[in-house]
Amino acid sequence: ARVAADGLPDALPTQADFDTAAPHLGAAYEGAWLLCTVLADRLGEDELLELYVRASDGVSVARLLRGAGWSADGLLDRWRTELGQLAETVS
């Protein structure tokens, strides 16, 4: 509903979006869940888990995506496409 009202975000959710005082906390979590779904669709669930573990260990997500044959921009574009399709079903 937020995307339908405000338009597509220009960037992926950041750590600040998950602060308990942040506006639209629920939308940030829903966006992050969709991001995981997009990654799992592209890379597979095992690779998503591996990406999560390695990123938690401090490896750059951009580097991990490149290693999987994808880019941060490609991920952002695909995520925005999915968000847009969901927003159409709400409006």
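Leaving out residues up to four places away in sequence, which residues does Glu82 touch? Glu82 touches Leu34 and Val38. Keep that residue in mind while we walk through the rest of the model, which is a predicted one.

Start with the overall layout. The protein has five helices and zero strands, so to speak a plain α-α-α-α-α when you read along the sequence. Its radius of gyration is 14 Å, close to the 12 Å that the globule rule gives for 91 residues, so the protein is as compact as a globular protein of that length. If you lay the C-alpha trace along its principal axes, it spans about 35 × 30 × 20 Å. The accessible surface comes to about 6,200 Å², with 52% of that belonging to carbon and sulfur atoms. Buried residues account for 27% of the 91 residues. As for how the chain meets itself, take the contacts between residues at least 6 apart in sequence: 58% of them join residues at least 24 apart.

Now for the inside. In soluble globular proteins, nonpolar side chains tend to be buried together. Here the largest nonpolar core has 18 residues, and Leu39, Leu65, Trp70, Leu75 and Trp79 are the ones with the most contacts inside it. Helices H2 (25-43), H3 (45-56), H4 (61-67) and H5 (72-90) each supply at least two residues of this core, and H2 gives the most, with six. To see how the pieces meet, click on Leu65: beyond its neighbours within four places in sequence, Leu65 is in contact with Leu39, Leu51, Trp70, Ser71, Ala72 and Leu75.

H5 is a good helix to follow next. At 1.5 Å a residue, its 19 residues should span 27 Å, and the end C-alpha atoms are indeed 27 Å apart, which agrees. The buried residues of H5 are Gly74, Leu75, Leu76, Trp79, Glu82, Leu83, Gly84 and Ala87. Their cover includes helix H1 (2-6), H2 and H4.

That list brings us back to Glu82, which lies in H5. Why does Glu82 count as buried? Its relative accessibility is 18%, and the cut-off for buried is under 20%. Gly84, also in H5, is buried with a relative accessible area of 17%. Gly84 also shows how distant parts of the sequence meet: Gly84 and Ala4 are 80 residues apart in sequence, yet their C-alpha atoms are 7.9 Å apart in space.

H3 gets a similar length check. With 12 residues, H3 reaches 16 Å from its first C-alpha to its last, close to the 16 Å expected at 1.5 Å a residue. After H3 comes Gly58, whose phi is positive, near 105°.

Last stop, the aromatic rings. How many aromatic pairs does a search of the whole structure find? The search finds one. Phe18 and Tyr29 form that pair, edge-to-face, at 4.9 Å centre to centre and with 80° between the planes. Phe18 lies in the loop between H1 and H2 while Tyr29 is in helix H2, so the pair ties together parts that are 11 residues apart in sequence. Phe18 counts as partly exposed at 25% relative accessibility, and Tyr29 is partly exposed too, with a relative accessible area of 49%.

Technical notes: Residues are numbered from 1 along each chain as its sequence is written. This is a predicted model: local features need pLDDT of at least 70, side-chain atom pairs count only at pLDDT 80 or more; totals for chains, interfaces and linings use all residues. Side-chain values use heavy atoms; hydrogens and water are left out. A nonpolar core is a set of buried Ala, Val, Leu, Ile, Met, Phe, Trp, Tyr and Cys residues joined through side-chain atoms within 4.5 Å. Buried means under 20% relative accessible area, exposed over 50%, partly exposed in between (1.4 Å probe, protein chains only). Helices (H or I, at least four residues) and strands (E, at least two) are DSSP runs, numbered from the N terminus. Contact means heavy atoms within 4.5 Å. The expected span of a helix is 1.5 Å times one less than its number of residues. The radius of gyration is taken over C-alpha atoms; the globule rule is 2.2 Å times the number of residues to the power 0.38. Accessible areas come from the Shrake-Rupley method with a 1.4 Å probe; for residues, only the protein chains shown count as cover. Rings of Phe, Tyr and Trp (its six-membered ring) pair if their centres lie within 6.5 Å; planes under 30 degrees apart count as stacked, over 60 as edge-to-face and the rest as tilted.
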